[in-house]
Amino acid sequence: MNIKQLTGGVFYVGVNDRTTVHFEGLWDLPKGVSYNSYIVAGEKTALIDTVAIGSIGEYLANVLSVTDSVDYLIVNHMEPDHSGALPEIAARFPGLRIVADKIAIGMIKGFYGITDESRFLEVKDGDTLDLGGGKLLSFHLTPMVHWPETMMTYLASEQMLFSGDAFGTFGALNGAVTDDRCDVDYYEAEMRRYYAAIVGKYSPFVQKALKKLAGLPLGYICSTHGPVWHREIARIVDIYDRMSRQETEEGVVIVYGSMYGNTGKLVDSLAVAMNQEGVDKVRVFNAGETGLSFILSEVWRYKGLIVASPTYSMDLFPPVEAFMKAIEIREMKNHVGAALGSFAWAPGIAAKKIEERMAALGMPLVGRYSMKMAPDASSDTALKQIAVEMAAAVKA
């Protein structure tokens, strides 16, 4: 039980999940994940977001250890990892009113069959809810960060923003709740991975939300995943701003597939050549062996992207194809690319397909090379030239 009083009348009552293997059925969770929920207590009490239904027992115990009465349930985001416990909470506190925007109320009815209109309090952008005792909540609609119903809730007296999934991270909480008591670098890496996998496609909407909320003084950012940001708010908001603008750093990510090792050898030689050209940050990922979220996180961060694939049934190797589809879905921007392919009897197909996919993203190409069967002296020459061009591009 990890209950933390954040400020006077505000409590963290979330739970950890160290058993789920894949978030959303897709994304690796080697470090687990937290589902964060908060209580704001004035003369009346509000519960902000809930948790996944599998954690209802621990969660309810956390809530009841703070209060035996909940007047309002604020729903910032309807994804089931945050709303799954909603029906149980609504049943446990029959007088509770559910506070949400119009779209979220429709989703609550559809997901959970709660249709009694008297149970809902619909809020619009800028509306407020006075809990008494100096606790005034205001509501700020932030659609598509990352569902259409998402909003954020602000508690002015504590300069506290309950931000939904924005600023969230993978990784369970390891004892500490606030960032002044935990390893921020550990969670920064998990925030980047969470953003690239979950939120990245909606970056234009994140930018709109950041601009909309820019005038709010922030003492705490209380996300639905990961630590509560307090000491490091400026750092975290800056990273989030740069990620949502798809600002890239100097460095190169090489993503490849290899059936029998020859394409892998090609990639290893290219990594050496990149380093020799003065690129220190080179990340190499086998798409068939590495979780996609780990790859996307690094691609989101670094400017250079080199993709290498063997020809497979006259197409790209399936794990490489899955990666290319993932960056297309996320509308990756501000990268320069290079395409490598290998073949035995169908020349040029893989490299050509990679080049076409990069062109569709508006990604300038600094080189393309197709290898027949296995690396040789001509491969070394081609890779050297690609390394020279790519190094110049990422340093520009």
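Which residue in β14 is the bridge partner of H140? M152 is that partner, and the pairing belongs to β13 and strand β14 (residues 151-155), which run antiparallel and are joined by five bridges. Please keep in mind that this is a predicted model. Here is a friendly tour of two sets of strands, a few helices and one buried lysine.

**The five-stranded sheet**

- Strands β12, β13, β14, β15 and β16 form an open sheet in the order β12-β13-β14-β15-β16, with mixed pairing.
- At the edges lie β12 and β16 (220-223), each of which pairs on one side only.
- From one strand to the next, the twist averages 20 degrees.

**K135, a buried lysine**

- You will find K135 in the loop between β12 (128-130) and β13 (136-141).
- K135 counts as buried because its relative accessibility is 9%, and the cut-off for buried is under 20%.
- Beyond its neighbours within four places in sequence, K135 is in contact with G8, G9, V40, A41, G42, L129, D130, L155, S157 and E158.
- Among these contacts, L129 and D130 fall in the β12 range of 128-130, while L155 falls in the β14 range of 151-155.

**Helix α6 and its two sides**

- Helix α6 spans residues 203-212, and its buried residues are S203, V206, Q207, A209 and L210.
- Seen down the helix axis, the buried residues of α6 fall within an arc of 160 degrees, so they line one face of the helix.
- A general point helps here: an α-helix has 3.6 residues a turn, so residues three or four places apart point the same way.
- K208 and K211 are exposed on the other side of α6.
- The cover over the buried residues of α6 includes α5 (184-199), α7 (233-244) and α9 (292-301).

**How α5 meets α9**

- Two of the helices covering α6, α5 and α9, also pack against each other at an angle of about 95 degrees, with their axes 8 Å apart.
- Angles of 65 to 115 degrees count as roughly perpendicular, and α5 and α9 are therefore roughly perpendicular to each other.
- On the α5 side, the contact is made by E188, A189, R192, R193, Y195, A196 and A197.
- On the α9 side, S293, F294, L296, S297, W300 and R301 make the contact.

**A parallel pair and its crossover**

- Strand β21 (residues 336-343) pairs with strand β22 (residues 365-372) in the parallel sense, over seven bridges.
- One pair of bridge partners is L340 and Y369, the latter in β22.
- Between β21 and β22 the chain passes through helix α11 (residues 349-360), making a right-handed β-α-β crossover.

Conventions. Residues numbered from 1 in each chain as written. Predicted model: local features only at pLDDT ≥ 70, side-chain atom pairs only at ≥ 80, totals over all residues. Heavy atoms only, no water. Pairing = 2+ DSSP bridges. Helix = DSSP H or I, 4+ residues; strand = E, 2+ residues; numbered from the N terminus. Right-handed = clockwise from strand over helix to strand, strands pointing away. Buried < 20%, exposed > 50% of the residue type's maximum accessible area, 1.4 Å probe, protein only. Arc of directions from axis to C-beta. Contact = heavy atoms within 4.5 Å. Axes fitted to C-alpha atoms, helices over the stretch in contact; angles between N-to-C directions. Parallel < 35°, antiparallel > 145°, perpendicular 65-115°, else oblique.
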